[in-house]
Amino acid sequence: MPSEKSIYNPNPAISRDAYISSMAEYRKFYEESLENPEEFWMRVAKQFHWETPADPKKFLQYNFNISKGPISIKWMEGASTNICYNLLDRNVRNGLGDTIAYYWEGNHPDDYSRGLTYRKLLEEVCRFANVLKDHGVKKGDRVSIYMPMILELPIAMLACARIGAVHSIVFAGFSSDSLAERMFDCQAKVLITADGAWRGEKPLYLKALCDVALEKAEEMGHTVEKCIVVSHLKRVTACAEDHVEQDIPWTEDRDFWWHEEMEDKEPACYPEWMEAEDPLFMLYTSGSTGKPKGVLHTTAGYLLYAATTFKIVFDYKPGDIFWCTADIGWITGHTYVVYGPLANGATSVMFEGTPFYPDNDRFWAVIDKYKVTQFYTAPTAIRALMKFGEAPVLKHNLNGLKVLGSVGEPINPEAWLWFYRYIGKEKCSIVDTFWQTETGGHVITPIPGATPMKPGSASFPFFGVKPTLLDESGVEVKGEGEGYLVFSQPWPGMMRTLFGNHERFESTYFSKFPGFYCTGDGARRDADGYLWITGRVDDMLNVSGHLMSTAEVESVLTEHHRVAEAAVVSRPHAVKGECLYCFITPNENETFDAKLVSELKKLVRERIGPFAMPDVVQHAPGLPKTRSGKIMRRVLRKVALNDRNVGDISTLADESVVDQLFKNRPADK
Ligand code: WT7
């Protein structure tokens, strides 16, 4: 039986054919990438088309030290290109026109399935780029996208990239409030959505939700001019006949059906040549103050990094079938459903459904159906599927698999071992990829043909990435030890700024330790030099791979008229990784009752989204505060765990509140 302590060497059959086939080879490239990043990435850049070539003398310019002036990161200054051209036209020109870019698999196995070649994808993208142009979208304009996992989503993204518009995708599980706030923040010109989608047996009416969001954005003072809607509900067989166009709320002159707009459009559109540092897209991520941050990625560097990490970390070879289960609404989907695979001329599976519908073997069925060779998913999904045992897995042939990937949160050794043994049959490499919306691509990860694996360790940095561990006072932790995980030099795929707020970018990521990009995560280095991510060091938590901040949830809870104060902490959860545990102090003369609890849960769902739903809402007549009024969160975390070892509470203004909180704990389910 594999154990947590063991080291798992890559299968020799994988190493033999791999791009990087030993640790010695990894080290050689790694050292070069740090010593001479210009040379290293210039070589990578050669495979792509540059309308204006880069100036080798200005390949990389940056300042990581806030005390020396504004933080800036520039790769390939002076070069110009178009990322869509590189992903599509270039591949078609290289003979991949008839290669499948995407196999699309719907929510229900009986839904029509669809394969899209590179040639067809290019035509569709060009037609939609022409639609956007006709609606007045220009270079630099922001386009919000709120869509299910359908092929029109990558088509819309690439159409934006083709004409130089900046896409801002909002995961379609976010509430109308969240969508409105994001459209307002980026001042979106157009919104692209679908009438709806099925999630398992549940229909989601996305257009209706968009209407509410559009109205809210209007109230906030911003008008989104146009809304383009894909008609999706009708074409999926699992859907009842009565979901027809007429049921979808519609505003003349603002709303347009995607298929009607596409009808007469030319399947060709000259690409807009973009400067290397022109924005490509923005993607909101949670911030510890509560207001989401619009992480901005630019053109050239992101292309190099998405392409290289995809190729090396998944060891993708022509003919392989790659499947990343992440929704495109998150960074994982941006980089490893769209940009990384297409930059490599790869064939991917795109899946609209869930792992549990119509049955708990759906993932394994899809792997078998398309003969998937690389499968990339999240620990929370693995933990949820482990519960059903091996039987659902054994129904399918998974022998084509070579590389298994994990992302979003630390993978516990038990889930790692299950993945390794039952899905990978002890023959596959597991890549536990640590990265962030901000990093653009993998930054700490094993390499499948090279790295001996330790279950639960993200292991070593990718090329160009220089991690350091720092203690609280900024002193480097060398050798074995634990500290803040920071990076001391830029890699091409890292974020460049926060949209419209460079100051917040500098203060969030560069002010704690001058000279370093601060991830907000902690890490431990073991005696063999392996890095183990220990989790967030700020007030952020990760529920089923969705990053959120406790402040964000607190500010929603305190909106309720009966609530005086709220404090939210994270509690470990067997499947979700972490869950939300909320402490509520009602207003004077207000009672705390079941009605309040359900109203608060509903409020969080409405304001943020269903995935942010708190697991526990408990009454806190008082919160554990220091004399200066700071809430002692470690005490609340102990209460959430029902662990009486609360540690030193002598600095609390009123120690008796702690007992009270333990008394008020609702019974654990
Ligand atoms: C945070 C970033 C980019 C992936 C999707 C989430 C946590 C991510 C791992 C991993 C341990 C991980 C970190 C990170 N995280 N991958 N392999 N091991 N922790 O992107 O929403 O920007 O969240 O997810 O805490 O900071 P995100």
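This is a short talk on the domains, cores, sheets and cysteines of one protein chain.

Hi everyone, and thanks for coming. Please keep in mind throughout that we are looking at a predicted model.

Let's begin with the overall layout. The chain is split into three domains: domain 1 takes in 36–81 + 472–537, domain 2 covers 82–354, and domain 3 runs over 540–664. Notice that domain 1 is written as two stretches of sequence. Between the C-alpha centres of domain 1 and domain 3 there are 35 Å.

Now to the inside of the protein. The largest nonpolar core has 127 residues, and the members that touch the most others are M76, L121, F128, L158, I192, W258 and Y339. Which helix gives the most to this core? That is α10, residues 299–313, with ten residues. Both domain 1 and domain 2 supply residues here, so the core lies between them. If you would like one residue to click on, try M76. Leaving aside residues up to four places away in sequence, M76 touches A45, W50, A54, K58, F59, A276, A300 and L304. There is also another core, apart from that one, with 46 residues, including L191, L557, L603 and A612.

On to the sheets, and I'll take the eight-stranded one before the others. This open sheet has the strand order β12-β11-β8-β6-β7-β14-β15-β23, and its pairing is mixed. Which strands stand at the edges? They are β12 (255–257) and β23 (497–498); each has a single partner strand, so one side of each has no neighbour in the sheet. For an example of parallel pairing, look at β7 (residues 166–169) and β14 (residues 279–285), which are joined over two bridges. There, S168 has M282 of β14 as its bridge partner. Helix α8, residues 206–220, packs on this sheet and touches β6 (142–146), β8 (190–194), β11 (226–230) and β12. The direction of α8 makes about 155° with that of β8.

The next sheet is an open one of four strands, in the order β21-β22-β24-β25, with antiparallel pairing. At its edges stand β21 (467–470) and β25 (531–536), each with a single partner strand, so each has one side without a neighbour in the sheet. On average, neighbouring strands here are turned by 45° against each other, ignoring direction. β21 pairs with β22 (residues 481–487) over four bridges in the antiparallel sense, and T468 stands opposite V486 in β22. Towards the other edge, β24 (residues 517–525) and β25 are antiparallel over five bridges. D521 has R536 in β25 as its bridge partner. β24 and β25 make a hairpin with five residues between them, and G529 in the turn has a positive phi of about 85°.

There is a second hairpin to show you, made of β26 (residues 540–543) and β27 (residues 546–549). The two strands run antiparallel, joined by four bridges, and N542 stands opposite L547 in β27. Two residues sit between the strands, and S544 takes a positive phi near 50°. As a reminder, in a regular strand the side chains alternate between the two faces of the sheet. In β26, M540 and N542 point one way, L541 and V543 point the other way, and all are buried.

Next, a residue in a helix. E552 sits in α17, residues 550–557. Is E552 buried or exposed? Its relative accessible area is 8%, so E552 counts as buried. Not counting residues up to four places away in sequence, E552 touches S286, G290 and I608. E552 and G440 are 112 residues apart in sequence, and their C-alpha atoms are 23 Å apart in space.

I'll finish with the cysteines. A disulfide is a covalent bond between the sulfur atoms of two cysteines. How many disulfides does a search of the whole structure find? The answer is zero. Take C210: the closest cysteine sulfur, in C227, is 5.5 Å from its own sulfur, which is too far for a bond. C210 is also buried, with a relative accessible area of 0%. For C582, the closest cysteine sulfur is in C579, at 9.2 Å, again too far for a bond. C582 likewise counts as buried, at 0% relative accessibility.

That's my tour, and thanks for listening!

Technical notes. Residues are numbered from 1 along each chain as its sequence is written. This is a predicted model: local features need pLDDT of at least 70, side-chain atom pairs count only at pLDDT 80 or more; totals for chains, interfaces and linings use all residues. Side-chain values use heavy atoms; hydrogens and water are left out. Domain bounds come from an automatic or database domain assignment. A nonpolar core is a set of buried Ala, Val, Leu, Ile, Met, Phe, Trp, Tyr and Cys residues joined through side-chain atoms within 4.5 Å. Buried means under 20% relative accessible area, exposed over 50%, partly exposed in between (1.4 Å probe, protein chains only). Contact means heavy atoms within 4.5 Å. A disulfide is a pair of cysteine sulfur atoms within 2.5 Å. Two strands pair if DSSP finds at least two bridges between them. Axes are lines fitted to C-alpha atoms, for helices over the stretch in contact, and angles run from 0 to 180 degrees between N-to-C directions.
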